[in-house]
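Could you walk me through this model, piece by piece? Let's go through it as a chat at the bench.

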Amino acid sequence: MKIFITGGAGFIGSHLVDKLIEQKHEVIIFDNLFRGKVENIERHLTAKSARFVNGDIRDFDALVRKSAGCDVVFHLAAQSNVMGSVTDIDYSFETNVVGTYNVLKAAQKNGIKRFVFSSSRESYGEAQTVPVKENHPLDSKNSYGASKVAGEKYCQVFQSMFDMEVVILRFSNVYGSRDFGRVIPIFLDDVKTDKDITIFGGKQVIDFISIHTICDVLIDSITNREAAESPTNVGSGTGISLFELAERIKNLVKSGSKIIVEPARSVEVVKYIASLERYNKVFDIKINPDPLCDLPKMIE
Ligand SMILES: NC(=O)c1ccc[n+]([C@@H]2O[C@H](COP(=O)([O-])OP(=O)(O)OC[C@H]3O[C@@H](n4cnc5c(N)ncnc54)[C@H](O)[C@@H]3O)[C@@H](O)[C@H]2O)c1
């Protein structure tokens with residue numbers, strides 16, 4: 001298949017590119033390098049099966065030109081960071097809302113039937129009860145979550161108005177190699193240099209999921225019929241407190257780092273655990289009961 005991946009030079013996108021190339025698909029990676037890196041994908045660029053376009057999803061014409069002839073769109077490009085989205089609310093709106101609309105419209109114009117959208121647990125905001133089911137109100141707490149809710153709504157509108165099948169996946173916190181600036185890579189960098197680990201608030205409970213599971217689910221979404229029926233959570237279904245995470249990372253690295261607690265940041269969700277009830281009906285990909293199972297691989 002010929003596959004168009006927005007945000008394909010980023011953390012999740014570049015791992016997805018690795019797997020798609022391994023499975024002999026042809027990929028067009030469309031990324032403005034806002035946070036992505038060419039080094040994440042460059043080993044594929046000498047082959048005919050991968051092409052990189054330094055493009056911006058705010059540019060509708062470029063999207064139409066570059067996605068022509070593709071069979072599937074994975075839409076991953078975004079301001080993917082909660083704090084970044086709060087600091088520059090305009091960029092997150094223009095990229096995550098208008099950009100998502102542009103990617104959908106370009107796909108529809110080019111007759112692309114399958115569209116996979118990376119949404120987030122941030123769509124729910126603060127959970128009324130955990131584990132959180134997909135029918136929980138979408139009460140996003142910050143501009144990142146709001147932009148994902150808007151993206152989801154446009155996906156659903158395109159699905160109902162046009163001949164498109166749209167898969168909406170609400171990821172929990174994804175971790176793995178090549179990521180940076182998020183809690184696990186930050187803690188890892190701290191412990192490797194015996195720097196203190198800073199926890200904001202201290203009450204957070206987070207549902208982590210390995211990049212490898214996420215990529216398997218994304219690839220399955222190319223053909224999975226039920227997945228296009230309504231949004232699906234993709235997480236581990238297990239909550240880990242930030243203290244537990246910090247201790248586990250310290251023990252793995254045998255670090256002497258101390259844990260420092262700073263005041264909570266108001267835009268951050270305190271507790272999230274995904275309900276996997278729908279996931280287990282829709283996907284056959286097994287989730288490891290230990291959400292941090294792939295942590296040791298990040299230390300090697
Ligand atoms: N990593 C997570 O824990 C997580 C959780 C839930 C949802 N998601 C979603 O999954 C997707 C991928 O996330 P990620 O972790 O790989 O983040 P990432 O920041 O590594 O990847 C996003 C990519 O989008 C690109 N991009 C940003 N603005 C763009 C624009 N205007 N035009 C073109 N490209 C642009 C960036 O350069 C980057 O390569 C995002 O949509 C994110 O919101 C991620």
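Q: Which element gives the largest share of the shell around the ligand?

A: A word on the basis: this is a predicted model, where local features need pLDDT of at least 70, side-chain atom pairs count only at pLDDT 80 or more, and totals for chains, interfaces and linings use all residues. Residues are numbered from 1 along each chain as its sequence is written. Helices (H or I, at least four residues) and strands (E, at least two) are DSSP runs numbered from the N terminus. At least two shell residues each come from α1 (11–22), α4 (89–109), β5 (114–120) and β7 (173–175), and the largest share, 3 residues, belongs to α1.

Q: How many residues surround the ligand?

A: A residue is counted as near the ligand if its C-beta atom, placed from the backbone, lies within 6 Å of it. By class, the shell holds 11 nonpolar (Ala, Val, Leu, Ile, Met, Phe, Trp, Tyr, Cys and Pro), 4 charged (Asp, Glu, Lys and Arg) and 13 polar residues (the others, Gly among them). Gly7, Gly10, Gly36, Ala78 and Ser80 are the closest, and the full count is 28 residues.

Q: Which strands stand at the edges of the sheet?

A: Two strands pair if DSSP finds at least two bridges between them. The open sheet has 7 strands, paired in parallel, in the order β3-β2-β1-β4-β5-β6-β11. Two of these strands have a single partner each, so one side of each lacks a neighbour in the sheet: β3 (50–54) and β11 (232–234).

Q: Which residue of β4 is the bridge partner of Thr6?

A: Strands β1 (residues 2–6) and β4 (residues 72–75) run parallel and are joined by 4 bridges. In β4, the partner of Thr6 is His75.

Q: What angle does the direction of α4 make with that of β4?

A: Axes are lines fitted to C-alpha atoms, for helices over the stretch in contact, and angles run from 0 to 180 degrees between N-to-C directions. Contact requires C-beta atoms, placed from the backbone, within 7 Å. Helix α4 packs on the sheet, touching β1, β4 and β5, and its direction makes with that of β4 an angle of about 175 degrees.

Q: How far apart do the C-alpha centres of domain 1 and domain 2 lie?

A: The bounds come from an automatic or database domain assignment. Domain 1 covers 2–174 + 209–234, and domain 2 covers 175–206 + 237–275 + 282–299. Between them, 34 residues of domain 1 are in contact with 24 residues of domain 2. Their C-alpha centres are separated by 24 Å.

Terms used. Contact = placed C-beta atoms within 7 Å.
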